[in-house]
Amino acid sequence: QVQLVESGGGLVQPGGSLRLSCAASGSIFSIYVMGWYRQAPGKQRELVAVITSGGSANYADSVKGRFTISRDNAKDTVYLQMNSLKPEDTAVYYCNAQIQYYASDPLRSSWGQGTQVTVSS
């Protein structure tokens with residue numbers, strides 16, 4: 001099985017920065033897309049940013065220009081640099097990866113346990 005372990009969440013003041021990390025471990029043949037989603041209280045989970053193994057990235061309009069997603073393929077790790085944070089960025093942030101366990105395996109979606117990000121003065 002594959003595990004995604006997130007780190008880097010916490011409490012930050014508006015305008016501040018945080019960097020989230022998510023490392024995948026286990027039986028992995030390849031990882032295609034890695035990304036970050038978030039879920040605020042009473043709201044549906046939404047996409048924040050995703051990045052392919054080739055480095056192509058897409059962002060939600062609400063975070064464009066403030067967040068940057070990157071990955072280290074050698075470490076099976078994805079990062080989310082969050083700058084100019086706003087109170088509305090407060091949510092639980094989840095890591096997701098589309099993983100191929102074996103060479104002939106279809107892509108499978110795996111989720112991390114989530115990390116809380118709170119933006120408040």
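These legends go with close-up views of a predicted model.

**View 1. R38 sits in strand 4 and is buried.**
Start with the arginine itself: R38 has a relative accessible area of 7%, which is under the 20% cut-off, so R38 counts as buried. Its strand, strand 4, covers residues 30–39. Leaving out residues up to four places away in sequence, R38 touches Q44, R45, E46, V48, S62, V63, F67, E88, D89, A91, V92 and Y93. Two of those neighbours, E46 and D89, get views of their own below.

**View 2. R38 pairs with E46 in a salt bridge.**
Look for the closest N and O atoms of this pair, which are 2.7 Å apart. The two side chains also make a polar contact, again at 2.7 Å. What about burial on each side of the pair? R38 is buried at 7% relative accessibility, while E46, at 37%, is partly exposed.

**View 3. R38 also forms a salt bridge with D89.**
Here the N to O distance is 3.0 Å. R38 lies in strand 4 and D89 in the loop between strand 8 (77–82) and strand 9 (91–100), so this pair ties together parts that are 51 residues apart in sequence. Are R38 and D89 buried or exposed? Both are buried. A polar contact of 3.0 Å joins their side chains as well.

**View 4. The salt bridges around R38 belong to a network.**
Zoom out a little and the network takes in R38, E46, R66 and D89. How many salt bridges turn up in the whole structure? The search finds 5.

**View 5. D61 and K64 make another salt bridge.**
The side chains of this pair meet at 3.1 Å, N to O. D61 has a relative accessible area of 64%, which is over the 50% cut-off, so D61 counts as exposed. K64 is partly exposed, at 49% relative accessibility.

**View 6. The largest nonpolar core has 30 residues.**
Which residues have the most contacts inside this core? They are W36, V48, F67, V78, L80, M82 and Y93. At least two core residues come from each of strand 1 (2–7), strand 3 (18–26), strand 4, strand 5 (46–52), strand 7 (67–72), strand 8, strand 9 and strand 11 (115–119). Strand 9 gives the most, with 5 residues. As a general point, nonpolar side chains in soluble globular proteins tend to be buried together.

**View 7. V48 is one of the residues with the most contacts inside the core.**
Skipping residues up to four places away in sequence, V48 touches W36, Y37, R38, N58, Y59, A60, V63, F67, L80 and Y93. Among them, W36, F67, L80 and Y93 are also on the list of residues with the most contacts inside the core. R38, from the salt-bridge views, is in touch with V48 too.

**View 8. G8 lies in the loop between strand 1 and strand 2 (10–12).**
This glycine is partly exposed, with a relative accessible area of 33%. Not counting residues up to four places away in sequence, G8 touches L18, R19 and L20. How far apart are G8 and T118 in space, C-alpha to C-alpha? The distance is 12 Å, with their positions 110 residues apart in sequence counted as separation.

How values were computed:
Residues numbered from 1 in each chain as written. Predicted model: local features only at pLDDT ≥ 70, side-chain atom pairs only at ≥ 80, totals over all residues. Heavy atoms only, no water. Salt bridge = Lys/Arg side-chain N within 4 Å of Asp/Glu carboxyl O. Buried < 20%, exposed > 50% of the residue type's maximum accessible area, 1.4 Å probe, protein only. Helix = DSSP H or I, 4+ residues; strand = E, 2+ residues; numbered from the N terminus. Core = buried A, V, L, I, M, F, W, Y, C linked by side-chain atoms within 4.5 Å. Contact = heavy atoms within 4.5 Å. Polar contact = N/O pair within 3.5 Å; in protein donor to acceptor, adjacent residues only side chain to side chain.
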